[in-house]
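Biologist: I'm new to this protein and would like a close look at its cysteines and whatever surrounds them. Could you put the sequence and the model up first?

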Amino acid sequence: QSQELSQARIDYHVALLALQEHGTRMVCTGKMHTDRICRFDYLCYCSEAEEFIFFHSNSSVMLPNLGSRRFQPALLDSSSVEDHNTQYFNFLELPAATLKFMPKPVFVPDVTLILNRFNPDNLMHVFHDDLLPAFYTMKQYLDLDDEARLVFMEGWGEGPHFDLYRLLSSKQPLLKEQLRNFGKLMCFTKSYVGLSKMTTWYQYGFVQPQGPKANILVSGNEIRQFAKVLMEKMNITMVEDVDNEGSAEDEKDKEKDNYIVVFSRSTTRLILNEAELIMALAQEFQMRVVTVSLEEHSFPSIVQVISSATMLISMHGAQLITSLFLPRGAVVVELFPFAVNPEQYTPYKTLAFLPGMDLHYISWRNNKEENTITHPQRPWEQGGIIHLEKEEQKRILTSKDVPRHLCCRNPEWLFRIYQDTLVDIPSFLDILKEGLKTKPSLKKLKPASALHPGRVREPQCQTSVQTSNEARLTVSWQIPWNLKYLKVREVKYEVWIQEQGENTYMPYILPQQNYTFSDNIKPFTTYLVWVRCIFNKSLLGPFADVLMCQT
Ligand code: UDP
């Protein structure tokens with residue numbers, strides 16, 4: 001491995017001199033540790049101490065210079081999971097002069113992205129916490145290109161999905177345990193530490209019960225672009241997008257090829273009557289039904305199948321993250337075991353509902369206790385409960401609904417989520433058919449391009465007093481500049497009128513570019529007026545500068 005980092009591309013003595021003279025330099029973005037990513041020149045890592053080292057010299061830079069606030073609680077989150085206390089990043093400081101007394105450093109010539117994977121054993125975590133954030137962090141910093149080196153510092157082994165991490169760059173990612181092979185002191189010529197949290201949509205319930213993040217900043221567009229790049233790297237041929245105007249015959253061809261994918265789990269949280277379910281689906285929808293599982297198929301071959309599927313059906317679980325490879329307009333059906341409320345565990349539902357993801361999501365829950373198979377004898381991580389007090393076991397066994405809880409070791413939750421289920425076919429088909437009734441057609445999905453209006457221009461008001469208690473207020477404006485270039489189905493304007501000093505306002509929606517208000521307009525009064533444009537009922541533009549209108 002040390003050969004791979006051959007020093008060919010950098011002159012060792014130049015690098016060593018630079019480190020000794022200039023020390024480490026750090027410049028970061030982000031005001032808080034939770035939104036910070038730092039860029040370093042000559043950040044070093046001491047494998048003996050298992051610590052990163054910042055070497056101070058006269059020309060070191062450390063921005064932000066937080067003093068001891070750097071430890072309150074940390075400089076930054078190394079993983080994309082917000083403020084998790086096992087994922088904090090920091091470094092030790094030393095004067096550059098101490099380099100003389102240290103082992104000779106090995107320099108890493110590649111531009112490096114240093115991060116913690118959060119849970120590389122679990123496919124959902126791999127995508128949501130690591131792959132998507134790393135992919136978009138690399139988009140944010142141009143020198144993190146295809147030649148960039150990823151370094152995973154969480155301390156785990158490769159894990160079952162290492163091939164997926166390999167897709168992020170052409171260089172083999174390094175694990176923490178491998179760093180010691182390079183010697184006692186390793187210095188990264190140029191590195192970034194941290195991950196963008198911009199693409200994450202779910203919080204796992206460390207401080208409040210799990211659910212969608214409060215402020216989701218990613219749309220289906222970014223998820224799909226990521227999926228497309230990944231598929232290219234896996235050599236998966238994409239069937240053309242819905243956008244492609246197909247002839248009637250093409251449509252027919254496509255219809256012939258419609259199929260349902262059942263993503264099955266082979267070891268836990270089983271569907272006990274999978275064969276029966278598959279038969280019922282094939283009969284009901286007159287479609288082929290294909291089964292895939294992580295145990296039996298390679299990941300690329302699963303993605304290949306899913307990327308052209310009409311419907312993906314699976315038990316709740318990490319494998320459902322593959323719905324990000326479904327074509328637009330596809331249906332995701334998530335099954336939940338007995339006593340598990342689908343509304344409380346929504347990573348895949350939230351994904352399906354991201355704007356522009358264009359997936360149709362349906363959930364089904366086993367409501368029949370006689371159709372569930374529990375596993376009280378198993379180890380606690382797989383939902384066993386025999387280690388609990390008798391009373392507690394009884395309570396769990398009689399409960400019909402797992403109450404809201406925090407991550408990650410709630411025994412009642414684990415007990416229920418690891419049940420196997422005999423799917424009641426009639427009730428399942430009913431829910432499915434009912435859910436499909438509200439599925440929008442592919443055509444309707446098309447105008448998903450969500451362009452927002454600009455500010456209305458030249459807003460003006462004119463006023464006149466009619467009688468001692470009647471006045472008029474005329475407000476007019478010009479269309480937003482970008483509307484000139486757009487075909488918009490419906491353009492409307494919203495006007496807010498507020499009497500100065502009052503804390504309520506009257507909102508109006510208008511189709512035209514001027515209007516004379518006379519109801520509730522008083523003489524010798526100052527009104528504040530805001531105007532904005534709205535495209536297609538929901539795409540709001542910004543308000544123009546407030547108008548002060550005196551009657
Ligand atoms: N897994 C699987 N087959 C199984 C059970 C689990 O492939 O029968 C995978 C699952 O997709 C995930 C990992 O093993 O990537 C951990 O599964 P677990 O049940 O712990 O997590 P969950 O699926 O509930 O997120």
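Biologist: Let's start with one cysteine: is Cys46 buried or exposed?

Modeller: Cys46 is buried, at 9% relative accessibility. Buried here means under 20% relative accessible area, exposed means over 50%, and partly exposed is in between, using a 1.4 Å probe and protein chains only.

A word on ground rules. This is a predicted model, so local features need pLDDT of at least 70 and side-chain atom pairs count only at pLDDT 80 or more, while totals for chains, interfaces and linings use all residues. Residues are numbered from 1 along each chain as its sequence is written, and side-chain values use heavy atoms, leaving out hydrogens and water.

Back to Cys46. Its closest cysteine sulfur belongs to Cys44 and sits 9.7 Å away, so that is too far for a bond. Cys533 tells a similar story: the closest cysteine sulfur, in Cys549, is 19 Å off, which is too far for a bond. Cys533 is buried too, with a relative accessible area of 0%.

Now for the cysteines that do pair up. A disulfide is a covalent bond between the sulfur atoms of two cysteines; in the model, a pair counts when the sulfur atoms are within 2.5 Å. There are 4 disulfides in the structure. If you number the bonded cysteines in sequence order, they pair as 1-2, 3-4, 5-6, 7-8.

One of them joins Cys28 to Cys38, with 2.0 Å from S to S. Cys28 sits in strand β1 (residues 25-29) and Cys38 in strand β2 (residues 37-46), so the link spans 10 residues of sequence. Strands are DSSP runs of E with at least two residues, helices are runs of H or I with at least four, and both are numbered from the N terminus. The bond is right-handed, with 100 degrees about S-S. Both ends are tucked away: Cys28 has a relative accessible area of 18%, and Cys38 has 0%.

Cys407 and Cys408 also form a disulfide, with their sulfurs 1.8 Å apart. The torsion about that S-S bond is about 105 degrees, so this one is right-handed. Cys407 is partly exposed at 31%, and Cys408 is partly exposed at 38%.

Then there's Cys461 with Cys549, sulfur to sulfur 2.1 Å. Here the torsion is about -110 degrees, so the disulfide is left-handed. Cys461 lies in strand β21 (residues 457-467) and Cys549 in strand β28 (residues 547-550), so the bond ties together parts 88 residues apart in sequence. Cys461 is partly exposed at 24%, whereas Cys549 is buried at 1%.

What about the surroundings? The largest nonpolar core has 73 residues, and Phe127, Leu324 and Phe325 have the most contacts inside it. Helix α2 (residues 123-140) gives the most to this core, namely 10 residues. A second, separate core of 24 residues includes Cys28, which you've just met, along with Phe54, Phe89 and Leu179. By nonpolar core I mean a set of buried Ala, Val, Leu, Ile, Met, Phe, Trp, Tyr and Cys residues joined through side-chain atoms within 4.5 Å. Going back to the largest core, the residues that Phe127 touches include Leu164, Phe226 and Phe299, leaving aside residues up to four places away in sequence. Touching, or contact, means heavy atoms within 4.5 Å.

Charged pairs add to the picture. The whole structure has 27 salt bridges, each a side-chain nitrogen of Lys or Arg within 4 Å of a carboxyl oxygen of Asp or Glu. Arg365 pairs with Asp401, closest N and O atoms 3.2 Å apart. Arg365 is in strand β18 (residues 360-365) and Asp401 in the loop between α10 (390-398) and α11 (411-417), 36 residues apart. Asp401 is partly exposed, at 37%. Within helix α10, Glu392 and Arg395 lie 3 residues apart, about one turn, and their side chains meet in a salt bridge of 3.0 Å, N to O. Elsewhere, Arg39, Asp41, Asp143 and Lys190 are linked in a salt-bridge network.
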